[in-house]
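Here is a protein chain to explore together. Have a look around, then try the questions that follow.

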Amino acid sequence: MSSVTDRLIQGSIWLSLSRAIVNGLSALSTFVLAWYLVPADFGLVAIATTIQVILSSVTELSLNQALIRHESPSEVHFSAVWTLSVTRSAVLALLFAASAYPIAEFYNEPRLTSVMLALSFSLLLSGLANPRRVMLQRDLIFWQEFVLNVSQKLVGFVVTVAIAAIYQSYWALVVGTLAYQVTNIIVSYTVLPFWPRITFRHARELFSFSLWLTAGQIVNTLNWRVEYLLIGKMLGATQLGHYTVGNTLATLPTREATAPLNQTIYPGFSKVRNDPVRLVAAYQRAQALLAAVALPAGIGMAVVADPMMRLALGEKWVPAIFIVQALASVFALQTLGSLVQPLGMAKGHTKMLFIRDTQMLVVRVPIIIAGLMMAGLPGVVYARVLTGLISTVVNMLLVKRLINLPFFQQLAANFRALASVAVMAAGVWGLSHVLNTPTDKLALALHLAILVVTGGILYVGSSFVLWLAMKKPNGPETEVQRIVVKFLSKAKRIAVPKSA
């Protein structure tokens, strides 16, 4: 058990460096773009990218997941995946380009035509990536992932920010996306050489696993993207811009804080899927660590959103503050059951995941529409919070079904993280009201720094006190202790040569 779970933790640590860099660049890019562009620019591109994502997801083949789970994929399997991906992306690019003018007419936004034509090339590029890259994830090898992730994000960041600074145009978002994908293609074949050939052999074998994942991906994308189309049509590009930036910033801390662990979870679960005891233990360790990182990241973003956005983005983005506060909180709480996805995939229960996604679509979309009709953009946000909480409960019940881990036992495993983040949120919220939010930029920066430091001290201090009070049970604190001991041991060996 320890070998696999240890590799999960070690892989997460290795990826943390790349995710820290990617996280920093993503946040900085959003802040810089928000200064140079107006909300309507984000709304315009959001309409095009939402349609692009929905079209891609409707035809998503989920072949990479099939390769990860395959016992011994061959070169022919990789070539088959590449052939299928290129064929799909070429067809999608043509369809997307052909629909550009009609969609621009529907939204009464002529600029959409040229944006969608440019993004059709992005769809074509998406199918050319190296399919062997997924084997790095399957075998829990991560230094190449570091090179790939950082290089493509860095190039995309430089191109996007440069165009935004020079031209102050929404084209920065479009060209940055293209630069990101071109870099991904070049670096993926450089780091992991592969010469694909056209073949459709093993296509049926690959589809047999990915069928339900593809269906689930379609439903999931509709689940999480349909409100963009509704807001863009009913409320206009400006409010869609506020929603897009608010949603992006709300997602950022939870996603980036947990990405290193998430990237190792599925292959790790797959390796012990036939051993129930080891699988339950691996799930509990991974879930506890995920919550310990995600909860303070997401809730922390929520409680400092007001001074942070006023300082970083300016007054024109004040309407997005409420969006960040609400969605960052619910995104953090949703991580309590989010590992049901890799768990279900590892156990081969992809049909169950599809049924869950379909049920959530049936529940979520009417609630979103009702919120939009009754209260506009705030109504959409309230609906997102409600459906997010429902989704969390559903996921935890599915975990119980998959590995027979009771609902309240899952909550108990995250008790210290939940209690500590409650102390943190209450302390920071109270302090922010005592200090009041200043208007001067320098004072606002100091105010934000005080809140962040206070929140960190309260969370870490509360977690440590609870851990000691509960007599040091196994959990995230134990993982951190083991990591620190190993690091200090290695540092000592380096500092003191054997000859000494």
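Q: Which helix gives the largest share of the nonpolar patch?
A: In this predicted model, M234, I369, M373 and M374 make a nonpolar surface patch of about 460 Å². Three residues of the patch come from one helix, and that is the largest share. The helix spans residues 350–403 and is α16.

Q: Is M374 buried or exposed?
A: Let's stay in helix α16, where M374 lies. A residue counts as exposed when its relative accessible area is over 50%. M374 has a value of 71%, so this residue is exposed.

Q: How many residues apart in sequence are the parts that E227 and R364 tie together?
A: Side chains of opposite charge can pair when their charged atoms come close. E227 and R364 form a salt bridge, with their closest N and O atoms 3.3 Å apart. E227 lies in helix α10 and R364 in helix α16, so the parts this pair ties together are separated in sequence by 137 residues.

Q: Is D357 buried or exposed?
A: D357 meets R356 in a salt bridge, at 2.8 Å from N to O. Buried means under 20% relative accessible area. D357 has just 4%, so this residue is buried.

Q: Which residue's backbone oxygen does the side chain of S462 reach?
A: S462 sits in helix α19, which runs over residues 441–469. With 16% relative accessibility, S462 counts as buried. At 2.7 Å, its side chain reaches the backbone oxygen of L458.

Note on methods
Residues are numbered from 1 along each chain as its sequence is written. This is a predicted model: local features need pLDDT of at least 70, side-chain atom pairs count only at pLDDT 80 or more; totals for chains, interfaces and linings use all residues. Side-chain values use heavy atoms; hydrogens and water are left out. Helices (H or I, at least four residues) and strands (E, at least two) are DSSP runs, numbered from the N terminus. Buried means under 20% relative accessible area, exposed over 50%, partly exposed in between (1.4 Å probe, protein chains only). A polar contact is a pair of N or O atoms within 3.5 Å; within protein, one must be able to donate a hydrogen and the other to accept it, and residues adjacent in sequence count only if both atoms are side-chain atoms. Patches are made of residues with over 30% relative accessible area and no salt bridge: like charges are joined within 9 Å, nonpolar side chains (Val, Leu, Ile, Met, Phe, Trp, Tyr) within 5 Å. Accessible areas come from the Shrake-Rupley method with a 1.4 Å probe; for residues, only the protein chains shown count as cover. A salt bridge is a side-chain nitrogen of Lys or Arg within 4 Å of a carboxyl oxygen of Asp or Glu.
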